[in-house]
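User: I should like to learn how to read the features of a model of this kind, one at a time. Please give the general idea first and then the case at hand.

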Amino acid sequence: MDCIFCGIVSGSIPSSKVYEDELCVAFRDLNPQAPVHVLVVPKKHIASLDEVSAENAADIAAILTAIPGIASSLGVAGGYRVITNIGENGGQTVKHLHFHILGGVKLSERLN
């Protein structure tokens, strides 16, 4: 499999990790769209939310449980955005489920 996020999870591709546990990794985005822009990915390869199932739902729940603590450690608790894109038309460029945490400024209500 040729997945950049799987490479980051395995450590074969360097990243600026800000959090890691047994089920997920969070690292700084290379092209930040806000002063704080971190990606949170499951360690298990799941292409997108379209592939979430009963078998892997616990991995996603663990990520959603970790996000508030990650945001707090980055200094944006109480004022941040979490986004995931699904498929090409949804703006997904890496086919590995990931959640963007954006913050550090007042974010516009518009997404484009």
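**Reading a helix, a pocket and two side chains**

Analyst: This is a predicted model. Let us begin with the packing of helix H2: its buried residues are covered by, among others, strands E1 (17–20), E2 (24–28), E3 (36–42), E4 (80–83) and E5 (99–103).

User: Which residues of H2 are buried?

Analyst: In general, an α-helix has 3.6 residues a turn, so residues three or four places apart point the same way. In H2 the buried residues are Asp59, Ile60, Ile63, Ala66, Ile67, Ile70 and Ala71.

User: What span does H2 reach from its first C-alpha to its last, and where does H2 bend?

Analyst: Helix H2 covers residues 57–73, 17 residues in total, and spans 25 Å, close to the expected 24 Å. A bend of about 30 degrees occurs at isoleucine 67, with proline 68 following within four residues. After H2 comes glycine 75, which has a positive phi near 85 degrees.

User: How is empty space located, and which residues are closest to the centre of the largest pocket?

Analyst: Rolling a probe the size of a water molecule over the atoms shows where empty space is left. Here the largest pocket holds about 360 Å³ of space. Its lining comprises 19 residues, of which Phe5, Asp29, Leu30, Leu39 and Val94 are the closest to the centre. Helix H1 (4–10) and strand E2 each give two or more residues to this lining; H1 gives the most, with 3 residues.

User: Is histidine 98 buried or exposed, and what does histidine 98 touch?

Analyst: The cut-off for burial is under 20% relative accessible area. Histidine 98 counts as buried because its relative accessibility is 5%. This residue is placed in the loop between E4 and E5. Not counting residues up to four places away in sequence, histidine 98 touches Phe5, Leu39, Val40, Val41, Ile83, Thr84 and Gln92. A polar atom of the histidine 98 side chain also lies 2.7 Å from the backbone oxygen of histidine 96.

User: How does lysine 17 count in terms of accessibility, and which side chain does lysine 17 join by a polar contact?

Analyst: Lysine 17, in strand E1, counts as partly exposed because its relative accessibility is 36%. Its side chain and that of glutamate 20 are joined by a polar contact of 3.4 Å. Leaving aside neighbours within four places in sequence, lysine 17 is in contact with Ile8, Val9, Val25, Ala26 and Phe27. The C-alpha atoms of lysine 17 and aspartate 29 are separated by 9.8 Å, the two residues being 12 residues apart along the chain.

Definitions and conventions
Residues numbered from 1 in each chain as written. Predicted model: local features only at pLDDT ≥ 70, side-chain atom pairs only at ≥ 80, totals over all residues. Heavy atoms only, no water. Expected span 1.5 Å × (residues − 1). Bend = angle between axes of the 7 residues up to and from the residue. Buried < 20%, exposed > 50% of the residue type's maximum accessible area, 1.4 Å probe, protein only. Contact = heavy atoms within 4.5 Å. Polar contact = N/O pair within 3.5 Å; in protein donor to acceptor, adjacent residues only side chain to side chain. 1 Å grid on protein atoms, 1.4 Å probe; cavity = no way out; pocket = protein on both sides within 12 Å on 5 of 7 lines; lining within 4 Å. Points joined across faces, edges and corners; volume = space filled by probe spheres on them.
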